[in-house]
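User: Please take a close look at how the strands in this model are arranged into sheets, and at what packs against them. A connected account would be preferred to a list.

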Amino acid sequence: MTPQVKAFFDDATNTVSYVVRDPKGSACAVIDSVLDFDHASGRTDTSSADEIIAYIRDTGLKVEWVLESHVHADHLSAAPYIQEKLGGKIGIGDQITVVQDTFGKVFNEGTEFQRDGSQFDALFKEGDSFQIGQMRGDVLHTPGHTPACLTYVIGDAAFVGDTLFMPDFGTARCDFPGGSSETLFNSIQKILALPDETRIFVGHDYKAPGRDEYAWETTVGEQKALNVHIGKGRSIEEFTRMRDERDSTLPMPRLILPSLQVNMRAGQMPPPDEKGDVFLKLPVNKL
Ligand SMILES: [Fe+2]
């Protein structure tokens, strides 16, 4: 089964969002949507999400799922906005509870912040499956970048979030709280065990040196042969050494503090104060 996949690239955060459609009907899922956020002004904007919504309306699709591959640290999720406009259930990995526990502490959230994943409509674990119209989606738990990372396998398409990037760029960082390069290596083996012709859709692209165009679609076979971090049967020792060294040189993503506070709440802002105003926290020396 070959679902139709439409990609939307967000230049501001290098994120790729996807609409995956049942080729035999009108059911679809939205994966990893973006709510635009200007850090300097603290202002949100729905232009990116509105583009996805317009596409879904123009093509007469029906949203059944609004899926997150993980709690993103580089962009805010537009899942609740898309759900409000088009419906669908918001799903994420059940290990979100670990992420909520970690960042509930970092942001000193009170007891009103539930750490049980109840902000989401569905919590998936390894081996779970779900339906998008007539299509079945299967869930792989692929932690390492974060504890809650999932890969959604829908027909011949795998949405890998931030595990693998394009073969010439490699893999995702593993230095956020709860991340582990060893765990990521093992998760990637699960993805590479899918049939070689499986289409892989990545969660970000940064144009590897020497490449002029953004790209987001590759295959399991290409990843095995060409991935600069993990291809050609690289050993776990080689990979973790390279990954950990590289991670120690990377700056924190520009939007990590607002993103985590919003995304750990399934894309909702923190509750407003008594005047209805919403504030995000900026913890000092915590990350
Ligand atoms: Fe990420």
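Analyst: Two strands are treated as paired here if DSSP finds at least two bridges between them. The model is a predicted one, and the description below should be read accordingly.

On that basis, β9, β10, β11, β12, β13 and β14 form, in this order, an open sheet of 6 strands with mixed pairing. Its edges are held by β9 (129-132) and β14 (217-219); each of these has a single partner strand, so one side of each is left without a neighbour in the sheet. On average, neighbouring strands of this sheet are turned by 30° against each other, direction ignored.

The pairing can be followed from the β9 edge inwards. β9 and β10 (residues 135-141) run antiparallel and are joined by 4 bridges; within this pair, Ile132 stands opposite Met135 of β10. The hairpin that these strands make has 2 residues between them, and Gly133 there adopts a positive phi near 60°. β10 is also paired with β11 (residues 150-154), in the antiparallel sense and over 5 bridges. In that pairing Leu140 has Thr151 of β11 opposite.

Further along the chain, the loop between α4 (181-192) and β13 (199-202) contains Leu194. Is this loop residue buried or exposed? Leu194 has 21 other C-beta atoms within 10 Å, and a residue counts as buried from 20 upwards, so Leu194 is buried. Apart from neighbours within four places in sequence, the contacts of Leu194 are Val153, Ala158 and Val220. Of these, Val220 is 26 residues from Leu194 in sequence, while the C-alpha atoms of the pair are 6.9 Å apart in space.

Attention now turns to the open sheet of 6 strands ordered β1-β2-β3-β6-β7-β8, where the pairing is again mixed. Here β1 and β8 (122-124) occupy the edges with a single partner strand each, so that one side of each lacks a neighbour in the sheet. From one strand to the next, the twist averages 25°.

Within this order, β6 (residues 62-67) stands between β3 and β7. Of the 6 residues of β6, 5 are buried, so this strand is largely enclosed by the rest of the structure. β3 (residues 27-31) and β6 run parallel and are joined by 5 bridges, with Ala29 opposite Trp65 of β6. On the side of β7 (residues 89-93), 3 bridges join that strand to β6, again in parallel, and Val66 stands opposite Ile90 of β7. The connection from β6 to β7 passes through helix α2 (residues 79-86), and this β-α-β crossover is right-handed. α2 itself lies across β3, β6 and β7, at about 165° to β6. The run of parallel pairing continues from β7 to β8 over 3 bridges; Phe124 of β8 is the bridge partner of Gly93.

Helix α1 (residues 47-58) also packs against strands of this sheet. It has 12 residues and spans 16 Å from its first C-alpha to its last, close to the 16 Å expected at 1.5 Å a residue. Which residues of α1 are buried? They are Ser48, Ala49, Ile52 and Ile56. Seen down the axis of α1, these buried residues fall within an arc of 100°, so they line one face of the helix. In general, an α-helix has 3.6 residues a turn, so residues three or four places apart point the same way. The face of α1 turned away from the buried side carries the exposed residues Ser47, Ala54, Arg57 and Asp58.

The buried residues of α1 pack against β1 (4-10), β2 (15-21), β3, β4 (36-38), β6 and α2. Among these partners is the largely enclosed β6, to which the α2 crossover also connects. Just after α1, Gly60 takes a positive phi of about 70°.

Conventions
Residues are numbered from 1 along each chain as its sequence is written. This is a predicted model: local features need pLDDT of at least 70, side-chain atom pairs count only at pLDDT 80 or more; totals for chains, interfaces and linings use all residues. Axes are lines fitted to C-alpha atoms, for helices over the stretch in contact, and angles run from 0 to 180 degrees between N-to-C directions. A residue is buried if 20 or more other C-beta atoms lie within 10 Å of its own, exposed if 12 or fewer, and partly exposed in between; C-beta atoms are placed from the backbone. Two residues are in contact if their C-beta atoms, placed from the backbone, lie within 7 Å. A crossover is right-handed if, with the strands pointing away from the viewer, the path from the first strand over the helix to the second runs clockwise. The expected span of a helix is 1.5 Å times one less than its number of residues. The arc is that of the directions from the helix axis to the C-beta atoms.
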